[in-house]
Amino acid sequence: MQENIVIPDSSESCNAVCIIEIDADGAVGTGFLGVFPALLPALLFLVTCHHVIPDEAACASAICTFEADAQPSASILLEPHLGFWTSKVLDVAVIRIASFAAFTLPRLKPHVLDLDGEPAIGEAVWLSCFSRQKLAHFCGRSLGTNGKQLRVEVQDTLPEKGASGGPVTACGQAVAVHVGLFRQTSGVEARASLLSALNDEAHSGTLSGALRPKQPLPSQLTIHGRRGTNDIINGVYQVCEDKECGQNIWVRISPDQYEATMQARPSGLILYKGSRSQAWTVATRLGDGLLRSEGGLGGILARRLKLEDGDDPTEVCVGDVANWHVASGAAGKLQPDPLVRLMPLADADFAKLRTSWRSLAASARTRLANAVQEVEVTGFPGSMSLLNGKLCLLSKEAKVGTDHVFLYRDASQTKWVIGLALGNGHERMAHVCLAREAACFILMCLKFPTSPLLSILTRW
């Protein structure tokens, strides 16, 4: 049998394998990303050996680095308080990955953890591990089982150190965790703990209870990544108990309405779990999570796929249920947008954000005083040409007519918008994102005398 370093194309998760370095004693092992589709859908886990990460304390010094060809390496820190399970007898450890860490690994497809499969004698299996600081893949053959361990025929080239914790896959799914080499009279064979040995823990609820302990709901969360229609869903949301419906919802807040938002019933966008759809929903009002075309109350701007259990919208981070669908087009049909992300916002980060909001508000008068008094808009074609012309800086005392064109910053402070009415920027005719280097509006050509002009315009 020859060593094979190339995994077949059918194994799309071959790069979801990491090297685990323990700073305390210089120990090195292997780990891999995995999901339990039936047991804990939409949650991501790191799987390795118990002797690599024996307890929660070891997680503090463990650095997990994923490396893939033609891609930058990515490292994550483990947070066992989110979920940790280990068995010294099986020599397996499973640690839950935080959602914000999971979103930094978008190109790595996790292994499906097979709690029922067991390779037949003679069946081909693959073992992935780190050898001399490099990811390597080896082809092997099942020799059957020895208790709760899988015996695998391998070549002597399989490393004895650093390989512990690597996935053993068959038919595209992870069936075991490599624990070490054993020398027999017939040659060298690898031993791996079968994941099917976790079945008793799974059926009793012990496994899910350890990997998904009850956590306090996040006080704040963020939604970002939406571009174009209904990008108003981007922003910061803060938890608010709705006493009328008896459930927690998250209210979208902005710098100029933060204090008022939390003192009254929300009047802007809210994030809630639909009573009928059981899907997390962003809407203009509290409803049942269904569109009017579905027989529901409507008002929906975005919705995630159904996930029946769980009251924390931020824990979902992998699989189809992590994908959002956003209302687009004239009919407002929900269309998938894989770029939309929902993540928790730590209290410390929210405090920094509030400080920046206060600083922005305090400098408003200065920015107004330094703003240019007049700009000229050109280049809008056809029916959009009514936006062309000279725009003058508007004071608070000025009376606003019905035939005015307005250029201002939207409520999220992320883009300049132009339209026929003042507002939060949602109803607009064109916009340009502040992150863009080119000073041109989406879907049309709008040229300013110099691009730095964008940085000194301000919304009154």
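Me: Which residue in β11 is the bridge partner of T145?

Reply: This is a predicted model: local features need pLDDT of at least 70, side-chain atom pairs count only at pLDDT 80 or more, and totals for chains, interfaces and linings use all residues. Residues are numbered from 1 along each chain as its sequence is written, and side-chain values use heavy atoms, without hydrogens and water. Strands here are DSSP runs of E, at least two residues, and helices are runs of H or I, at least four residues, both numbered from the N terminus. In β11, T145 is bridged to L150.

Me: How many bridges join β10 to β11, and how do the strands run?

Reply: Two strands pair if DSSP finds at least two bridges between them. Strand β10 covers residues 134-146, and β11 covers residues 149-153. They are joined by 4 bridges and run antiparallel.

Me: Which residue takes a positive phi in the hairpin of β10 and β11?

Reply: The hairpin has 2 residues between the strands. One residue there has a phi near 70°. That residue is G147.

Me: Which residues form the covered face of strand β11?

Reply: In a regular strand the side chains alternate between the two faces of the sheet. In β11, Q149, R151 and E153 make up the uncovered face. The covered face holds L150 and V152.

Me: Which residue forms a salt bridge with R141?

Reply: A salt bridge is a side-chain nitrogen of Lys or Arg within 4 Å of a carboxyl oxygen of Asp or Glu. For R141, the closest N and O atoms of the pair are 2.6 Å apart. R141 lies in β10 and its partner in β11, so the pair ties together parts that are 12 residues apart in sequence. The partner is E153.

Me: Is R141 buried, partly exposed or exposed?

Reply: Buried means under 20% relative accessible area, exposed over 50%, and partly exposed in between (1.4 Å probe, protein chains only). R141 has a relative accessible area of 31%. Its partner E153 comes out at 28%, which also makes E153 partly exposed. On these cut-offs R141 is partly exposed.

Me: With which residue do the side chains of R151 meet in a salt bridge?

Reply: The N to O distance is 2.9 Å. The pair links distant parts of the chain, from R151 in β11 to a residue in β14 (residues 187-194), 38 residues apart. R151 is partly exposed at 25% relative accessible area, whereas its partner is buried at 3%. That partner is E189.

Me: Which residue meets R276 in a salt bridge?

Reply: The gap is 3.2 Å, N to O. R276 sits in the loop between β18 (270-273) and β19, and its partner in the loop between β19 and β20, 12 residues apart. The partner is buried, with a relative accessible area of 7%. It is D288.

Me: Which residues do salt bridges that share partners join into one network?

Reply: The structure holds 10 salt bridges. Side chains of opposite charge can pair when their charged atoms come close. The network consists of R96, R212 and E315.

Me: Is G289 buried or exposed?

Reply: G289 is found in the loop between β19 (280-283) and β20 (300-304). Contact means heavy atoms within 4.5 Å; leaving aside neighbours within four places in sequence, G289 is in contact with Y272, G274, S277, T281, I300 and R303. S275, 14 residues away in sequence, lies 6.6 Å from it, C-alpha to C-alpha. At 0% relative accessibility, G289 counts as buried.

Me: Which residues is D231 in contact with, leaving aside its neighbours within four places in sequence?

Reply: D231 lies in the loop between β15 (220-224) and β16 (235-242). At 5% relative accessibility, it counts as buried. Its contacts are R226, K415, R428 and H431.

Me: How many disulfides does the structure hold?

Reply: A disulfide is a pair of cysteine sulfur atoms within 2.5 Å. For C64, which counts as buried at 0% relative accessibility, the nearest cysteine sulfur is that of C18, 4.5 Å away. C392 counts as exposed at 54%. The number of disulfides is 0.

Me: What is the mean pLDDT of the protein?

Reply: pLDDT is the predictor's confidence in each residue, from 0 to 100. In the protein, 82% of residues reach 70 or more. Values are below 50 over residues 1-12 and under 50 over residues 260-265. The mean is 81.
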